[in-house]
Amino acid sequence: MKNIILLGATGSIGDSVLSVIKQNKNKLNLLGISFNSNIPKAKYIINEFRLKNVYSESDESHKSLKHAFKNNYELNILKDKSELEELLNEDDVDIIVSAISGFAGLESTIMAAKTGKTILLANKESIVAAGDVILPLAKKHSTEIVPIDSEHNAIFQCLGFDKKTDDVSKIVITASGGPFLNKKISQLSKVTKKEALSHPNWEMGAKISIDSASLVNKCLELIEARYLFDLDEKFFEIVVHPQSIIHSIVTYKDGSSICQMSNPDMRVPIAHALSVNDSRLNLDFSKIDFSSLSLTFQKIPEDRVQIFNIARYICNNRGSSGIIFNAANEIAVQSFLNEQITFDKIYEVIYRTFDTVSLSKSIDLETIYEIDNQTRIEAKKVVKSIS
Ligand code: NAD
Ligand code: MG
C-alpha cells in the first residue's frame, strides 16, 4: 500500500488523482490533503476517503472544518506550516503530489523536496521559478521527482528505466495550440474570458487554461523540461499537435523516435506516476480509436515565437529570469481574469515587466520571494499603464 499526501487536492489535478486512487484502493491510500478555499470539496474528500489529515492556511477553511468535524477524533486539522512539514516527513508517507496552482505551490514543493519521498510534480511554476533550488535539494535528500505534466510524463516514460539522456538527439514537446491557435495576437483584443477558458481538449484550472490559450504554458513547460531532464534547450523542439494524442516524442541518436500516446486525460500520466517503480495501475481510460485517427503537426505561429525566445533565454541564463517571467505572467493572467486587460495584452505585460526588472545571476530561498514580490509590483504598474 502506498500512502499519499495530495497538495492542492480541491483542484483539477486533485480530481484526477482522487479518481485514480479510487480505482486502485488495494494499492493506494490517501493519507492527507492540503487545499485553499473550496471547503465543500474538502469536506467531501475528507468523508469519501476517511481522511486522517487535512491542512489549510486559510482561517476560514480551518474554522469551518474544525466546526464540521468536531466529533471526528481521527482527523487532524492542521494550520501551521510546521505541522504540514511534519506530516510530509512522517515515516508512512510514500508519495507527495504537488498540485497547487502557481507560485503559491513553491513553499510546499520545497518542503516536499527535503523529505526523501517521491514527489509527483504538477506545479510547474515552482520549477520555473526555483528549479535551481528545488532540484539540488531533492538530490541532496534523495527525493525522486516524477512529472505528471502530460508532456514531461511522456518524456519520462519514453526515456525508459534508467532515464539516461546520453543517447538522446532531440525531444519534441507537443502543444495543442489552445483555443486561439489560428488567430493572430492582434485578433485577440476582443476574446472573452469564457472563450479563453474553453480549451478544446483538456479540462483544467483557470490559470493553466489561460496559459494554454496564450501558449505561455508551453514556455513554462520548456523551462520545466530543461530542468527536469537536465538538457540544453537546444534539444527541445516545440511542435503544435492540435489533437493532443501524442504527448511528447524522444528521438535517439540512432534515428528511433519513441512517443507516448493517450486520449487527453490527465489521469493517464497520473496513473503512471503513482505506479512508478512498480507494476501499472488500473484505469477506466477511453481507448484511442486508431483506425479513425488523424494526427497533424504544425509550427508554432510566427507571432508567438518572441515569447518562446524569452523562454529559451531563461533556459540558458537561469538566475532570477524564471522567477520574473513566472510572476509577470501570473499578474498578467490574473489581470485578464479580473477584466483589467484584454487577452492580447498578456504578452505586453510579460515583455515590459521582463525588460524592467533587473536580472540577477544566482538565487537562493530568500531572494526568490523578494524577486517574485518586486516583479509583481512592476507588473501591476504595467497593467495600470495599459488598462
Ligand atoms: P486548480 O486551480 O484547479 O487547483 C489548484 C489547487 O491549488 C486547489 O486545490 C487550490 O485550493 C490550491 N491552491 C491554490 N492556491 C493555494 C494556496 N495559496 N495555498 C494552498 N493551496 C492553494 O489548478 P490545476 O489545474 O489543478 O493545476 C494545478 C497545477 O498543475 C498547476 O501548476 C498547473 O500548471 C499544473 N497542471 C495542471 C494540469 C491540468 O490538467 N489541470 C495539467 C498539467 C499541469
Ligand atoms: Mg502540460
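A polar contact, as the term is used here, is a pair of N or O atoms within 3.5 Å; within protein, one atom must be able to donate a hydrogen and the other to accept it, and residues adjacent in sequence count only if both atoms are side-chain atoms. Keep that in mind for the domain interface further down. The other thing to keep in mind is that this is a predicted model.

Let's start with the overall layout. The chain splits into domain 1 (2–147), domain 2 (158–263 + 293–307) and domain 3 (319–387). We'll go into domain 1 first, then look at where domain 1 meets domain 3, and finish with the charged pairs.

A good way in is strand 5 (residues 95–98), which is where you'll find Val97. With a relative accessible area of 0%, Val97 is buried. Who sits around Val97? Setting aside neighbours within four places in sequence, Val97 is in contact with Ile4, Ile5, Leu6, Leu7, Val17, Leu120 and Ile148. For a sense of distance, take Ala122: Val97 and Ala122 are 25 residues apart in sequence, and their C-alpha atoms are 7.5 Å apart in space.

Ile95 belongs to strand 5 too. Its relative accessibility is 4%, so Ile95 counts as buried. Again leaving out neighbours within four places in sequence, the contacts of Ile95 are Lys2, Asn3, Ile4, Ile5, Thr118, Leu120 and Leu274. Lys114, 19 residues from Ile95 along the chain, has its C-alpha 13 Å from that of Ile95.

Val17, one of the contacts of Val97, takes us to helix 1, since Val17 is among the buried residues of that helix. Helix 1 (residues 12–22) is mostly covered, with 8 of its 11 residues buried. Those buried residues are Ile13, Gly14, Ser16, Val17, Leu18, Ser19, Val20 and Ile21. What does the covering? The elements lying over the buried residues of helix 1 include strand 1 (2–7), strand 2 (28–34), helix 2 (39–48), strand 5 and helix 11 (267–274).

Now for the place where domain 1 meets domain 3. The C-alpha centres of these two domains lie 27 Å apart, and the contact takes 11 residues from domain 1 and 12 residues from domain 3. The size of an interface is often given as the accessible area lost when the parts come together. Here domain 1 and domain 3 bury about 920 Å² between them, with 70% of that on carbon and sulfur atoms. On the domain 1 side, Phe103, Ala129 and Val133 supply 52% of the area buried against domain 3, more than any other three residues.

What about polar links across this interface? Between domain 1 and domain 3 there are 0 salt bridges, and there is 1 residue pair in polar contact, with both residues at pLDDT 80 or more. As for which elements are involved, helix 5 (106–113) and helix 6 each supply at least two residues of the domain 1 side. Helix 6 gives the largest share of that side, 6 residues. By type, the domain 1 residues touching domain 3 divide into 7 nonpolar, 1 polar and 3 charged.

That leaves the salt bridges. Side chains of opposite charge can pair when their charged atoms come close. The whole structure has 26 salt bridges, and a few of them are worth following. Glu221 pairs with Lys124, with the closest N and O atoms 2.9 Å apart. Glu221 lies in helix 10 (residues 216–228) and Lys124 in helix 6 (residues 124–140), so this bridge ties together parts that are 97 residues apart in sequence. Both Glu221 and Lys124 are buried.

Helix 6 has another such link, as Glu125 forms a salt bridge with Lys207, at 3.0 Å between the closest N and O atoms. Glu125 is in helix 6 and Lys207 in helix 9 (residues 206–214), so the parts tied together here are 82 residues apart in sequence. Glu125 and Lys207 are both buried.

Back at Glu221, there is also a salt bridge to Lys218, at 2.6 Å from N to O. This one stays within helix 10: the two residues are 3 apart, so about one helical turn separates them. Glu221 is buried at 1% relative accessibility, and Lys218 is buried at 5%. Step back and these pairs join up, with Lys124, Asp149, Glu151, Lys218 and Glu221 linked in a network of salt bridges.

Definitions and conventions:
Residues are numbered from 1 along each chain as its sequence is written. Chains are lettered from A and ligands numbered from 1 in the order in which they are written. Side-chain values use heavy atoms; hydrogens and water are left out. A salt bridge is a side-chain nitrogen of Lys or Arg within 4 Å of a carboxyl oxygen of Asp or Glu. Helices (H or I, at least four residues) and strands (E, at least two) are DSSP runs, numbered from the N terminus. Buried means under 20% relative accessible area, exposed over 50%, partly exposed in between (1.4 Å probe, protein chains only). Domain bounds come from an automatic or database domain assignment. Contact means heavy atoms within 4.5 Å. Buried area is the accessible area (1.4 Å probe) that two parts lose on being put together, summed over both. Ala, Val, Leu, Ile, Met, Phe, Trp, Tyr, Cys and Pro count as nonpolar, Asp, Glu, Lys and Arg as charged, and the others, Gly among them, as polar.
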